[in-house]
Amino acid sequence: MTGGGDCPGLNAAIRAIARRASADSVDVLGIRNGWLGLVENDCVELTRSAVAGILPRGGTILGTSRFNPLKDPESIARLKENWAMHQLSGLAVVGGEGTLSAARDLWRDHQVQVVGIPKTIDNDICGTDFTFGFDTAVSIVTDAVDRLHSTAESHHRVMVVEVMGRHTGWIAAYGGIAGGADVILVPEHPFRISRVCDLLNTRREDGRAFSIVVVAEDAHPHGDEAFLTEDQSNAIYQHGHLGGIGEALAAEIEKCTGIQTRVTKLGYVQRGGSPTPFDRILATRFGIKAYEMIREGRWGHMAALRGTRIVTVPLDDAVHDLRRLDEEIYRVAEVFSS
Ligand code: F6P
C-alpha cells in the first residue's frame, strides 16, 4: 500500500516486493489509494507481469490518498473485515510521517500486522538517513537552480526559488548547496530580511549583480523583523498546504534593494517523473527488506538506511517527531551565504 503524497521510487518499491515474493511463490495483493483501499476493498493482484516495466515510472501504480482510517471506528472494522476476507498475513505500508503514524497506531492499538517503508521527497522521517524520493527532488531543484543562474545573470536579477519540504529544510539545503545558491532559507532557522538584503547588496557592490535565493516553503521571517501581514502569514503557512513565501520574500527584496527580483515556485514538479538511480536502488532495497520483515513477523517496524546498511527500526522511533535538517548541512550552506 502506498499512502500520503506520491514521490519518485514508489513503483520501484512495489516491484521489489512483488518480485521477491514471486521468487517464493507468495501471492501479493496491492491496496489501491492508501488506507482507503483496504476499507473499501479496492485491491489488485501484483503478479510478476503486473509490475513489469514500472521501475522507472514516477508516481504509484496503486494510487494514493491521505485517508486516515483511525478517524472513525467503522473504517477500522471494515479494514479488518477485508483483511480477514483476503487472509492477509502482513501489510507493507509505504508512506511518510502521516501514513506511518497510522501504521504504528493500527499495529499498537488494533494488532494490524504492518511493516513500514519510509518515502517522501521531504526526507523528514526519523530513524533513517534517507527516504527515497528525496534524491530525485534534489536533482530537480539543482537542475532548476542551474538554469535560473543563466537567466538571472543575463538580466542582473535576483531569482527567488521556492521549494517544498513541508516543515524541514532538507530539499532547500541540499538543492541550494548543489546548485550554488547565494542564500538558502530553511524552516529550522528563521531569517532576517535585513541580512538577506545586505548579502545581495554586497554581491552587487562586488560586481555580482545577480543572485539566487532558495527558500523552503515553511521558512519564516525572524520575529525581530516580521514583514508579513497577518493575512499573508495565514495564506502562506496553512496547515497541510504551504506556499507563497517566495512571492512575499521577492517583493520585500525588491523593495529593500531596488534589484529587480523574480520568483519561481517549483511546486509539484519536485515530486514528479522518473526516480534517480539512487532512489530506485534505495526503494528496491527497502522493498526487499519489507518482504523479509513480513516473513519474520517484525510487525510495527520500518526498513531504514543507516550508513550504507538497510536495518529495521521501531515505527514508534520513526514517527515520534519530524527529522529536522542536520546542523552540519546547514553550516555548509551558510558558508556560501557570505
Ligand atoms: O510531503 C510531501 C509534500 O510534497 C510536501 O513537500 C508538501 O508540503 C506537501 O507534500 C504537499 O501536499 P499535497 O500533495 O497534499 O498538496
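This section describes the ligand surroundings, salt bridges and selected residues of a predicted model.

The ligand is surrounded by Arg66, Ile121, Asp122, Met164, Gly165, Arg166, Glu217, Tyr268 and Arg271. Polar contacts to oxygen atoms of the ligand involve both side chains and backbone. An N or O atom in the side chain of Tyr268 lies 2.4 Å from a ligand oxygen, and a polar side-chain atom of Arg66 is found at 3.0 Å from a ligand oxygen. At Gly165 the contact is made by a polar backbone atom, at 3.2 Å from an oxygen of the ligand. The ligand taken alone exposes 400 Å², of which the protein buries 82%.

Arg166, one of the residues around the ligand, also forms a salt bridge with Asp124, with an N to O distance of 2.9 Å. This pair connects distant parts of the chain, 42 residues apart: Arg166 belongs to the loop between strand E5 (158-163) and helix H6 (170-179), and Asp124 to the loop between E4 and H5. Arg166 is partly exposed, at 28% relative accessible area, whereas Asp124 is buried, at 1%. Elsewhere, Arg104, Asp105, Arg108, Asp109 and Asp316 are joined into one network by salt bridges that share partners. Within this group, the side chains of Arg104 and Asp105 meet at 2.6 Å, N to O. Arg104 counts as buried, with a relative accessibility of 17%, and Asp105 is likewise buried, at 17%.

In the whole structure, 16 salt bridges are found. Among them is the pair Arg295 and Asp24, at 3.0 Å from N to O. Arg295 in helix H10 (residues 277-296) is thereby linked to Asp24 in the loop between H1 and strand E1 (29-31), across 271 residues of the chain. Arg295 is exposed, at 52% relative accessibility, while Asp24 is partly exposed, at 32%.

Lys119, in the loop between strand E4 (114-118) and helix H5 (134-155), is buried but has no salt bridge. The nearest side chain of opposite charge is that of Asp6, 7.2 Å away. A polar atom of the Lys119 side chain does lie 3.4 Å from the backbone oxygen of Gly3.

Ala16, in helix H1 (residues 10-23), is buried, with 4% relative accessibility. The C-alpha atoms of Ala16 and Trp170 are 27 Å apart, with a sequence separation of 154 residues.

On the surface, Val332, Val335 and Phe336 form a nonpolar patch with about 270 Å² of accessible area together. Val332 lies in helix H12 (residues 327-335) and is partly exposed, at 30% relative accessible area.

How values were computed:
Residues numbered from 1 in each chain as written. Predicted model: local features only at pLDDT ≥ 70, side-chain atom pairs only at ≥ 80, totals over all residues. Heavy atoms only, no water. Patch = residues over 30% accessible without salt bridge, like charges linked within 9 Å, V, L, I, M, F, W, Y side chains within 5 Å. Areas by Shrake-Rupley, 256 points an atom, 1.4 Å probe, with all protein chains shown as cover. Salt bridge = Lys/Arg side-chain N within 4 Å of Asp/Glu carboxyl O. Helix = DSSP H or I, 4+ residues; strand = E, 2+ residues; numbered from the N terminus. Buried < 20%, exposed > 50% of the residue type's maximum accessible area, 1.4 Å probe, protein only. Near = heavy atom within 4 Å. Polar contact = N/O pair within 3.5 Å; in protein donor to acceptor, adjacent residues only side chain to side chain. Lys, Arg positive; Asp, Glu negative; His and termini not counted.
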